[in-house]
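I opened the model today to look up a few points, and I keep the notes here in the order in which I made them.

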Amino acid sequence: MTKINRETVVAEALDLLDEVGLDAVSTRRLAQRLGVEQPSLYWYFRTKKDLLAAMAQAAMAPHATAPLPTPDDDWRAWFLENTRGFRRTLLLRRDGARLHAGSTPTADLDRIRHKMRFLVAAGVPAEDAQMAMLAAGRFTVGSVLEEQADAGSDDDAAGAALPADVPPIDHTSAFEAGLRLILDGLERRVGA
C-alpha cells in the first residue's frame with residue numbers, strides 16, 4: 001500500500017483531471033492511480049465534492065500567489081493584469097474553468113479584501129469595485145469555459161457548423177475585448 005497524504009491525493013487528482021477530464025475523474029480511478037483502496041481516500045476527503053473543492057483551490061495556486069497590488073500601482077493596469085492572470089491560471093488545467101465554477105474562495109479571502117481595499121483607495125467606489133471584480137471573474141470563467149469546450153471539440157465539426165461568412169472565434173481577442181469593455185465601464189463609473 002502506498003503512503004499518501006492530502007497533498008499527494010490532490011496533486012494526483014489534478015494530474016488525473018489533466019489526463020481524462022473532469023467528467024471522468026472519480027474516487028475509484030484516483031484510488032487505482034494511487035495504489036490504494038477507495039475508502040482510504042475518505043480519510044482525507046469525506047465526499048467527492050470536498051475533493052473537487054480542494055482540487056479547485058490547488059489549481060488556483062498560481063493566481064493565489066501572484067503579487068498583490070501596491071499603492072503605487074495604477075489600478076487600471078492592475079485590474080487588467082489580475083484578470084488576465086486569473087484566465088491564464090484557469091487555462092493551465094484541462095477543464096480548469098469547470099473545476100473552478102461554483103467554488104468558494106474561502107482560503108483567498110484576505111487577498112480578495114486586499115484587492116478591494118486597493119481599488120477603493122484608488123478612487124473606485126466600494127460597490128463598483130466589488131461588482132467589477134465579480135463581473136470580471138464571471139466573465140473570465142465563462143470565456144474560459146467556452147475556450148476549453150472548443151478545444152475539446154472536433155475542429156472539423158465545429159468549423160462545419162459555422163456559415164462561411166462567420167469567422168472562427170479568436171478566444172484571446174474576444175476575451176481582451178470583453179475585459180476592455182468591463183474596464184471602460186468601470187472607468188466611467190469612477191469618473192462620474
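**Burial and overall build**

I began with burial and noted that buried residues, meaning those under 20% relative accessible area with a 1.4 Å probe and protein chains only as cover, make up 35% of the 192 residues in the chain. I reminded myself that this is a predicted model, in which local features need pLDDT of at least 70 and side-chain atom pairs count only at pLDDT 80 or more, while totals for chains, interfaces and linings use all residues. Residues are numbered from 1 along each chain as its sequence is written, and side-chain values use heavy atoms, with hydrogens and water left out.

I then looked up the secondary structure and found 10 helices and zero strands in the chain, where helices (H or I, at least four residues) and strands (E, at least two) are DSSP runs numbered from the N terminus. I noted that the C-alpha atoms fill a box of roughly 65 × 50 × 20 Å along the principal axes. Of the contacts in the chain with a separation of 6 or more, 76% are accounted for by residues 24 or more positions apart, and contact here means heavy atoms within 4.5 Å.

For the surface I wrote down about 11500 Å² exposed by the chain, of which carbon and sulfur atoms supply 55%; the areas come from the Shrake-Rupley method with a 1.4 Å probe. I also noted 23 positive and 28 negative side chains, with the centres of the two sets 7 Å apart, counting Lys and Arg as positive and Asp and Glu as negative, without His and the chain ends.

**Helix 8 and helix 10**

How do helix 8 and helix 10 pack? I found an angle of about 170° between helix 8 (residues 126-151) and helix 10 (residues 171-191), with their axes 10 Å apart; axes are lines fitted to C-alpha atoms over the stretch in contact, and angles run from 0 to 180 degrees between N-to-C directions. The two helices are therefore roughly antiparallel, a term for angles over 145 degrees. Among the residues that make the contact I listed Ala 132, Ala 135, Ala 136 and Phe 139 of helix 8, and Ala 174, Phe 175, Gly 178 and Leu 179 of helix 10.

**Helix 5 and the loop after it**

I next looked at Trp 78, which is found in helix 5 and is buried, with a relative accessible area of 9%. Not counting residues up to four places away in sequence, Trp 78 touches Pro 69, Lys 115, Phe 118, Leu 119 and Met 133. Trp 78 and Phe 118 are 40 residues apart in sequence, and I noted 9.9 Å between their C-alpha atoms.

Asn 82 also has its place in helix 5 and is buried at 12%; with the same sequence neighbours left out, up to four places away, Asn 82 touches His 63, Lys 115 and Met 133.

Most residues other than glycine have a negative phi. Against that, I recorded a positive phi of about 60° for Asp 95, which is not a glycine. Asp 95 is found in the loop between helix 5 (75-91) and helix 6 (96-100), and counts as buried at 15% relative accessibility.

**Tyr 44**

Last, I looked up Tyr 44 in the loop between helix 2 (27-34) and helix 3 (48-59). At 24% relative accessibility Tyr 44 counts as partly exposed, the class between 20% and 50%. Tyr 44 touches Ile 4, Asn 5, Arg 6 and Val 9, not counting residues up to four places away in sequence.

Definitions and conventions:
The place of a charge is taken as NZ of Lys, CZ of Arg, CG of Asp or CD of Glu. Angles under 35 degrees count as roughly parallel, over 145 as roughly antiparallel, 65 to 115 as roughly perpendicular and the rest as oblique.
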